[in-house]
Amino acid sequence: MTIDGKYGVPTVAIHTNVFERVVRSVARVNGMPRARAVFVPQPVMGKSAQELRAYVDGNDPVTGRPVMQEVIEGLTRPFDAQDLEKVVYERTTPRMVNAGTEDELQQVFLENNWTDKLPIVLPTEQRVAEMLAHTSHKLDEVVGHMRPTQFREYWEYTVEKVAVNAVMAGARPEYFPVILAIAASGVSGRGSTTSSAAAMAVVNGPVRHELNMNCGTGALGPYNHANATIGRAYGLLSQNLQGGSEPGLTYMGSQGNNYAYNCITFAENEERSPWEPLHVSHGFKASDSAVSVFGGCRHTAFTLGLREAHWQDHVRNMLRGMDPREHPTFVLDPITARQFIDRGGFDTKDKLIDWICNNACMPAGEYWDYQLIQNYVYPRATYGEEPYASMLKAAPDEMIRMFQRDEIEVVVVGGETNGYWRIFGASYGKTVSVDEWR
Amino acid sequence: MSVIDTELQRNGARATEDGALLSVLNPMGYPPRVTPKDMAPRLDTLEGKRVFLVDCRFDDADIFLKQMQTWFEEHLPGVKTELIQLSSVYTRDDPETWEKIKSNGDAAIVGVGH
């Protein structure tokens, strides 16, 4: 639409058919509802030249008409009255929902895709007011903007709108500053990507204890009210404040992601960690309260402890098993954190991250052939962006780094019932002050 | 006792077994205003025109567009086609490429989006 509307070049966009609703919707909210699009079958990825030629020679699966006829008409067909119609509309969101009984309203919220398909706490005015009482910010203050994908429009939300979603999640009012900080990050926990992403939220600082958050045994599981409901609030506020998360329209994750229910929300075990807390690594004081949000969260590698003879090989194997597009976040039980010091001498987190960066390597030819590297990193390399441009010069058998140093994070959590630990494919987003939202 | 019942009691709200109506807030955010954009005027014909086939560098789009280019050569040889790649990843705007197409071409086919 940019080249057509802004640069004045008549354009046709080709999409795969499963994105028809998305394409029409994005065109509409970008002010060009009649943008000309042609559809071919899904998938294009992995198909041979011969198979793709058949797509070109075949019919548009949406309209049933020949693809090339539609392409040519898209560039030459004169505008009709509908094409020329200026669509201007203000979209508004009413403050209230029509009154109803408990059962009726649960059904309204379910049918409007305002929930995660589990029962919610209905956001009555009284409950929302109680939530709002736990922040000094005004209810109509804008907290931020969010969207499910880069090609959609940003939606805006206020303190009150965040409170509504916090109530729905079952959060207690005292959790509200943490939930506001998450909302202020603008990082969606309901991204629309076909890769089925989720989010992760790590809470640091005194607020962990104020809210009785769990950073010990079972911290990542369903065993703590604050962890559970703050995480659920992250998901609900994301889907509702960004304008939806509906499969086929505003959510295209092919398989979906179970982590999305709770957005992997937990507190770091700072007291048992041998290293500086996560928020301190990102510029905050230890006495500050903050929440760090991550995206991705598609895959996990795990093992038990670090064996004396081959621990380095084992960790390298875990890293090699990851898609190199997804950044690694080491989530370590305190037992394993100390083992990393015993085995590798990593008495600071920086030293461990250096080791990970230098040891997560693979042959260049293999690296560049990953589909996600082809889609998202290779174009940046050919554009001349470093360090990717230099990495592209490596011979196919030359070992190159899978991850850049600033893409690697380490978090300590767990109750030391054993030294199990994991690597989440989770890309760091940002750290936001909780104190500023009190 | 369900979570909802617990919350109703904690917040002093009326239970709804008697059919009492509840007044609740809408959880959706605020969408931006939609402003219309004009499409570029269409061409009378593609004959003799230069059409850029723009590879968005996603999921083998280049292979697909090469097949489309071959189709033009076979069926509409009077149409000049030029395959061009986005400068970088498709998530970034690419004004240099758009300017090049505007200066040197008559139309564009962009693919394959998802």
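## Exercises on chain B and its contact with chain A

Of the 114 residues of chain B, 34% count as buried, a residue being buried if 20 or more other C-beta atoms, placed from the backbone, lie within 10 Å of its own. This is a predicted model, in which local features need pLDDT of at least 70 and side-chain atom pairs count only at pLDDT 80 or more, whereas totals for chains, interfaces and linings use all residues. Residues are numbered from 1 along each chain as its sequence is written, and chains are lettered from A and ligands numbered from 1 in the order in which they are written.

**Exercise 1.** Find which pattern chain B follows along the sequence.

*Solution.* Begin with the elements, which are DSSP runs numbered from the N terminus, helices being H or I runs of at least four residues and strands E runs of at least two. Chain B holds three helices and four strands. Reading along the sequence then gives α-β-β-α-β-α-β.

**Exercise 2.** Work out where in chain B the predictor's confidence is lowest among the elements.

*Solution.* Confidence in each residue is given as pLDDT, from 0 to 100. For chain B the mean pLDDT is 85, with 83% of its residues at 70 or more. Among its elements, β1(B) has the highest mean, 97, and α1(B) the lowest, 38. Over residues 1-15 of chain B the pLDDT is below 50, and this stretch has 14 contacts in the model beyond near neighbours in sequence, a contact being a pair of residues whose C-beta atoms, placed from the backbone, lie within 7 Å.

**Exercise 3.** Describe the side of chain B that touches chain A, and state which element gives the largest share.

*Solution.* The contact takes 61 residues from chain B and 87 residues from chain A. On the chain B side, the elements giving two or more residues are α1 (3-10), β1 (22-25), α2 (61-75), α3 (95-104) and β4 (107-113). The largest share, seven residues, comes from β4(B). By residue type, this side divides into 34 nonpolar, 16 polar and 11 charged, where Ala, Val, Leu, Ile, Met, Phe, Trp, Tyr, Cys and Pro count as nonpolar, Asp, Glu, Lys and Arg as charged, and the others, Gly among them, as polar.

**Exercise 4.** Identify the strand of chain A that pairs with β1(B), and give the sense of the pairing.

*Solution.* Two strands pair if DSSP finds at least two bridges between them. Strand β3 of chain A, residues 96-100, pairs with β1(B) in the antiparallel sense over three bridges. Within β1(B), B:Leu25 stands opposite A:Met96.

Conventions. Two residues are in contact if their C-beta atoms, placed from the backbone, lie within 7 Å. A residue is buried if 20 or more other C-beta atoms lie within 10 Å of its own, exposed if 12 or fewer, and partly exposed in between; C-beta atoms are placed from the backbone.
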